[in-house]
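Biologist: I am new to structural models, so please help me with the words people use for them. I will keep asking why each label applies.

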Amino acid sequence: MLPYQTLQEAEEALGRTLSVAEKLWFRYSAHKPDYILHYHNFIFLMLFYTLAPLPYVFIGLGWVKNMDRYKIQPKVKESFSTMFKCYKNVMGSFLLVVGPLQVISYPTIQWIGIRTSLPLPSLGEVFLQIMVYFIIEDFGNYWIHRLLHSKWGYQKIHRIHHEYASPIGLAAPYAHWAEILILGIPAFLAPALVPGHIVTYWLWFILRQMEAIETHSGYNFPWSPSKYIPFYGGAEYHDYHHYVGEQSQSNFASVFTYCDYIYGTDKGYRYRKQALENLAKLRHEDDGRREEEPYHIPAEDRKSQ
């Protein structure tokens, strides 16, 4: 709750006129307790989990034409009932695991210094903090993910997330309740180490969830803005991890590729990608030869020179 009763009091305290965004924030948050603002994070979690995967759902159900060519595993199709079952399971996990966690974590949020006050952070400050959050979370997630691929970790916990060998956007947070808690540690650690405004805190979890949904979408769209992010993994990168499944010792990172590269856990993926590129090149060359000849003559039918 802001310590000002009016906009004029706020402007006098800051010694300047409030920006449009700050006036909107004052009108919305001035009389709301901080714990209510903190619980907004849970509302945003459910809201964006419901809305962000919808384009992928429509594409997967065939409601959008000419999109199958972008599907990474085109032979795998999911029905509406399968998708809805996944959605129900995830929402159940949110309500039973994430919701109570949000409630009991409020004192910690206060302690680490997530603020709700004015002034609002600048766009530059928000951008830098979000980048730091992604880097911290990605590094922590990498090592936890590797541990979850130990024999015990996979069989007892992580195998549930790998039920989708061809992932879908709705399955991004589909996991054992223990995995949801464990992988939440690096996501929460980032703003704990670099605390900021609660608006940045909200935005961090929204963007992280949307990134996870894209990574698990099963589609590799060439126009995705994320392709311009340096060292970004993306859907194709993570799809390979699900494709290999339990035996996977590759592509553990959640967002970027540098950890897998540094620690040598992307060799299988790079080898397969190179092999597929060579195969595509050979096919392209073969198609070129076919265009030059009226018929494709198999090698065994040719006379030796």
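**Labels and their reasons**

Modeller: Let us start inside: valine 126 has a relative accessible area of 14% and is buried. This residue is found in helix α7.

Biologist: Why is valine 126 called buried?

Modeller: Buried means under 20% relative accessible area, exposed means over 50%, and partly exposed lies in between (1.4 Å probe, protein chains only). Valine 126 has 14%, which is under 20%, so the label is buried. One thing to know early: this is a predicted model, where local features need pLDDT of at least 70 and side-chain atom pairs count only at pLDDT 80 or more, while totals for chains, interfaces and linings use all residues. Residues are numbered from 1 along each chain as its sequence is written, and side-chain values use heavy atoms, leaving out hydrogens and water.

Biologist: Which residues is valine 126 in contact with, leaving aside its neighbours within four places in sequence?

Modeller: They are Pro121, Thr200 and Leu203, where contact means heavy atoms within 4.5 Å. Thr200 is 74 residues away from valine 126 along the chain, yet their C-alpha atoms are separated by 6.0 Å.

Biologist: How do you know that α7 is a helix?

Modeller: Helices are DSSP runs of H or I with at least four residues, strands are runs of E with at least two, and both are numbered from the N terminus. The run for α7 covers 123–148, so it meets that minimum. By this rule the chain comes to 13 helices and zero strands.

Biologist: What makes threonine 116 buried?

Modeller: Its relative accessible area is 8%, so threonine 116 falls under the 20% limit. This residue sits in the loop between α6 and α7. Not counting residues up to four places away in sequence, it touches Met1, Leu2, Trp25, Asp34, Leu37, His197 and Ile198.

Biologist: What joins the side chains of threonine 116 and aspartate 34?

Modeller: A polar contact of 2.9 Å. The term covers a pair of N or O atoms within 3.5 Å; within protein, one must be able to donate a hydrogen and the other to accept it, and residues adjacent in sequence count only if both atoms are side-chain atoms. The distance of 2.9 Å is within 3.5 Å, so that cut-off is met. Histidine 40 gives another example: its side chain reaches the backbone oxygen of isoleucine 36 at 2.7 Å. Histidine 40 lies in helix α3 and is buried, at 9%.

Biologist: How many disulfides does the count come to?

Modeller: Zero. A disulfide is a covalent bond between the sulfur atoms of two cysteines. The rule here asks for a pair of cysteine sulfur atoms within 2.5 Å. As for two of the cysteines, cysteine 86 is buried, because its relative accessibility is 1%, and cysteine 259 is buried at 1% too.

Biologist: Why does leucine 54 count as partly exposed?

Modeller: Its relative accessibility is 32%, which falls between 20% and 50%, so it counts as partly exposed. Leucine 54 is in helix α4. It also helps to make a nonpolar surface patch of about 550 Å², together with Leu47, Leu51, Phe58, Trp63 and Val64. The elements giving two or more residues to that patch are α3 and α4.

Biologist: What makes a patch?

Modeller: Its residues have over 30% relative accessible area and no salt bridge; like charges are joined within 9 Å, and nonpolar side chains (Val, Leu, Ile, Met, Phe, Trp, Tyr) within 5 Å. A salt bridge is a side-chain nitrogen of Lys or Arg within 4 Å of a carboxyl oxygen of Asp or Glu. The 32% of leucine 54 is over 30%, so it passes the area test.

Biologist: Why does asparagine 66 count as exposed?

Modeller: Its relative accessibility is 64%, which is over 50%, so exposed is the right word. Asparagine 66 also has a positive phi of about 60°, although it is not a glycine. Most residues other than glycine have a negative phi, and most peptide bonds are trans. Phenylalanine 231 has a positive phi too, near 65°, and counts as exposed at 59%.

Biologist: What kind of peptide bond joins leucine 118 and proline 119?

Modeller: A cis one, with omega of about 5°. Proline 119 lies in the loop between α6 and α7.

Definitions and conventions: Areas by Shrake-Rupley, 256 points an atom, 1.4 Å probe, with all protein chains shown as cover.
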